[in-house]
Amino acid sequence: MAKVVLEGVVKKFGPVTAVDDLTIEIADREFVTLVGPSGCGKTTTLRMIAGLEKVTAGQIYFDDDPVGHLPADHRDIAMVFQSYALYPHMNVYDNIGFALRMMRVPRAEIDRRVKWAAEMLGIADLLDRKPRQLSGGQRQRVALGRSVVREPACFLLDEPLSNLDAKLRVTMRGELKRLHLELKRTFIYVTHDQAEALTMSDRIAVIHDGRLQQYGPPDDVYNRPRNVFVAGFMGSPTMNLLGGDVGFRDGLPYFTARGFEQSLPARLATAVRQAARPGSFLGIRPESIVVRVDGSTTPPRESSWFDAPVYIQEPLGSDQFLTLEIGGTLVKARTNPDLAVRAGDRVEVAFDPAKLHLFDGETGVSLTI
Ligand SMILES: Nc1ncnc2c1ncn2[C@@H]1O[C@H](COP(=O)(O)OP(=O)(O)O)[C@@H](O)[C@H]1O
Ligand SMILES: [Mg+2]
């Protein structure tokens, strides 16, 4: 069992508050990802869970027991770092089994665990090789193997894929997810890559400036972002945020920004009423924008078409991204690759009314969830 709970955890380094009042519960066997930009406090949080760093305030519990007094080697965790240093003079077998030898585990048991881990990680045929005879991906697997053989209750992974090339990262994130299924242990994974967070996690904790912004399943964080930070961090490209004003005309809500006006669906009336202060952000994801050039596409319900100039056109094989100029903001739309459009063209655009978000212009907090 390894439920991990952080309660009001604070970490200060002199004047710098690296982690600011973090409260989060990670269930036993859950795969939780801490995601956020560089410097937001992810590594510090992981190091406190590992016992490598003391908390300034707050408490960390494993299965309801406070662990503040427990040194790292008594916490039944294994940490995989971004920069994994393998022992260059040892072969893969000895690298993977090293920690077990130090713990004086019997030779036959070491042999069983090393072979089991190597099999699971697809490196069973590399056990005689030295690290320099391995590719980057194979080395990363060996580093994972070293922690897997220890069979900890909880794995802490700090950006373990960031030194790999883009293609290998995508392969490895699938394999890590698979590994989690097979090991049935708690995984706490740290990354700045929102795609890794979305694809791998049971729940995602989005962190900014040491503070928790939102904690929930990928679907929640992606489709119901709590604030503009989460909206603008998750997704690729991220959610478009148009700065403007909202109001009512003839009893119906609308949004306006620099020569652009869009009537809003009735379901946003409450949100518009809440946006008492002037200034709001209208949020729309690239895939929720419909673009047509020949008047042929059926508009989403309740929406109205307007036209906008195409600033950049980017083909991507399976998709096409258009950067449109709307109300003084550059807005990205994901469209069908067959749509014949070039930079400089004007296209007809509609926002899917079911997918519109409204955020407070001052606090950035969502008014629609
Ligand atoms: N040992 C340290 N001494 C002083 N400041 C630190 C130390 N470790 C981290 N920090 C600061 O704490 C903040 C969070 O760092 P870190 O947890 O490494 O972020 P992340 O892993 O999200 O990139 C940063 O501002 C960083 O400079
Ligand atoms: Mg870090």
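# A guided tour of the predicted model

Begin with the open sheet of four strands, in which the order is β2-β1-β4-β5 and the pairing is antiparallel. The edges of this sheet are held by β2 (16-26) and β5 (65-66); each has a single partner strand, so one side of each is left without a neighbour in the sheet. The coordinates on display are those of a predicted model. As background, strands of a sheet pair through backbone hydrogen bonds, either parallel or antiparallel.

**First stop: a strand pair.** Select residues 4-13, which form β1, together with residues 57-62, which form β4. Five bridges join these two strands in the antiparallel sense. Which residue of β4 stands opposite E7? Highlight Q59 to see the partner of E7.

**Second stop: ligand 1.** Next, display ligand 1 and the residues that surround it: F13, V16, A18, G36, S38, G39, C40, G41, K42, T43 and T44. Which element gives the most to this shell? Colour α1 to find the answer, for this helix supplies three residues. Both β2 and α1 (42-50) contribute at least two residues each to the surroundings of ligand 1. Colouring the shell by character gives four nonpolar residues, six polar ones and one charged.

**Third stop: backbone angles.** The next selections concern the backbone. Most residues other than glycine have a negative phi, and most peptide bonds are trans.

Select D76, in the loop between β5 and β6 (77-80). Its phi is positive, about 55°, although D76 is not a glycine. Is D76 buried or partly exposed? D76 counts as partly exposed because it has 16 C-beta neighbours inside 10 Å, whereas a buried residue needs 20 or more.

Move now to E159, which is placed in the loop between β7 (154-158) and α5 (166-183). Here too phi is positive in a residue other than glycine, with a value near 45°. E159 has 20 C-beta neighbours inside 10 Å and therefore counts as buried.

**Last stop: a cis peptide bond.** Finally, select S236 and P237 and inspect the peptide bond from the one to the other. This bond is cis, with omega near -10°. To place P237 in the chain, show α8 (228-233) and β11 (240-249): P237 lies in the loop between them.

Definitions and conventions: Residues are numbered from 1 along each chain as its sequence is written. Chains are lettered from A and ligands numbered from 1 in the order in which they are written. This is a predicted model: local features need pLDDT of at least 70, side-chain atom pairs count only at pLDDT 80 or more; totals for chains, interfaces and linings use all residues. Two strands pair if DSSP finds at least two bridges between them. A residue is buried if 20 or more other C-beta atoms lie within 10 Å of its own, exposed if 12 or fewer, and partly exposed in between; C-beta atoms are placed from the backbone. A residue is near a molecule or strand if its C-beta atom, placed from the backbone, lies within 6 Å of it. Ala, Val, Leu, Ile, Met, Phe, Trp, Tyr, Cys and Pro count as nonpolar, Asp, Glu, Lys and Arg as charged, and the others, Gly among them, as polar.
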